[in-house]
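Visitor: Could you walk me through this model, strand by strand and pocket by pocket?

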Amino acid sequence: AYVVIDANGVQRIYLRRLDRTEPEALAGTEGAVHPFWSPDGRSLVFVADNLMKRIDIDSGMSRVVADRITGPWHGDWNSRGDILAQMLTGIVRLSDQGAVAPTVVISRNDDL
């Protein structure tokens, strides 16, 4: 999975499956940045329009995990359903289900 700006100037996630030669654009990922995979490889998380979204690769269904996201948005996802993401405020923990507000794990203001 990778982000491409197409010929029309639309930025979105493209996916190239290992059993195919041509990539496909994932609908609903317009404006996406910094996608990263779920531990089982069935979903992606990405940020678009200050929303962190989760998309299921097989069904194409997406949902909002968190809103008011402040960049740069890099993240990782563990098998317990925790997403750790770098925000302007620091490192935050979110649920992959979007059920709870992000928790600051390391504040940008903390001395390391």
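What follows is a short run of questions and answers on sheets, cores and a pocket.

Visitor: Before we start, what kind of model is this, and what pLDDT do local features need?

Guide: It's a predicted model in which side-chain atom pairs count only at pLDDT 80 or more, totals for chains, interfaces and linings use all residues, and local features need pLDDT of at least 70. Residues are numbered from 1 along each chain as its sequence is written, and side-chain values use heavy atoms, with hydrogens and water left out. So much for the ground rules; the pLDDT asked for in local features is at least 70.

Visitor: In what order do the strands of the four-strand open sheet run?

Guide: Strands here are DSSP runs (E, at least two residues), numbered from the N terminus, and two of them pair if DSSP finds at least two bridges between them. Pairing in this open sheet is antiparallel, and the twist averages 25 degrees from one strand to the next. The order is β4-β5-β6-β7.

Visitor: Which strands stand at the edges of that sheet, and why is one side of each left without a neighbour?

Guide: In general, strands of a sheet pair through backbone hydrogen bonds, either parallel or antiparallel. An edge strand here has a single partner strand, so one side of it has no neighbour in the sheet. The two at the edges are β4 and β7.

Visitor: How many bridges join β4 to β5?

Guide: These two run antiparallel. Phe 36 has Val 45 as its bridge partner, while Trp 37 is partnered with Leu 44. Their hairpin has five residues between the strands, and Gly 41 takes a positive phi near 75 degrees there. The number of bridges from β4 to β5 is three.

Visitor: On the other side of β5, which residue in β6 stands opposite Val 45?

Guide: β5 and β6 (residues 51-56) pair in the antiparallel sense over six bridges. They form a hairpin with two residues between them, and Asp 49 in the turn has a positive phi of about 55 degrees. Opposite Val 45 you'll find Arg 54.

Visitor: How many of the residues of β5 are buried?

Guide: Buried means under 20% relative accessible area, exposed over 50%, and partly exposed in between (1.4 Å probe, protein chains only). Ser 43, Val 45 and Val 47 point one way from β5, Leu 44, Phe 46 and Ala 48 point the other way, and all are buried. The count is six of six.

Visitor: His 34 has a positive phi; is His 34 buried or partly exposed?

Guide: His 34 sits in strand β4. Its phi is near 50 degrees, a positive value in a residue other than glycine. With a relative accessible area of 30%, His 34 is partly exposed.

Visitor: And what relative accessibility does Asn 50 have?

Guide: Asn 50 lies in the loop between β5 and β6. Its phi is positive too, near 65 degrees, and Asn 50 is a residue other than glycine. Asn 50 counts as partly exposed, at 42%.

Visitor: Which element gives the most residues to the largest nonpolar core?

Guide: A nonpolar core is a set of buried Ala, Val, Leu, Ile, Met, Phe, Trp, Tyr and Cys residues joined through side-chain atoms within 4.5 Å. The largest has 14 residues, and Val 45, Ile 69 and Met 87 are among those that touch the most other members. Elements giving two or more residues include β4 (33-37), β5 (43-48) and β9 (82-87). With three residues, the one that gives the most is β9.

Visitor: How much space lies in the largest pocket?

Guide: On a 1 Å grid over the protein atoms alone, a pocket is an open set of points where a 1.4 Å probe fits, with protein on both sides within 12 Å along at least five of seven lines; lining residues have an atom within 4 Å of a point. Volume is the space filled by probe spheres set on the points, which are joined across faces, edges and corners. Of the 14 lining residues, those closest to the centre are Ala 66, Asp 67, Arg 68, Ile 69 and Pro 102. The space comes to about 230 Å³.

Note on methods
Axes are lines fitted to C-alpha atoms, for helices over the stretch in contact, and angles run from 0 to 180 degrees between N-to-C directions.
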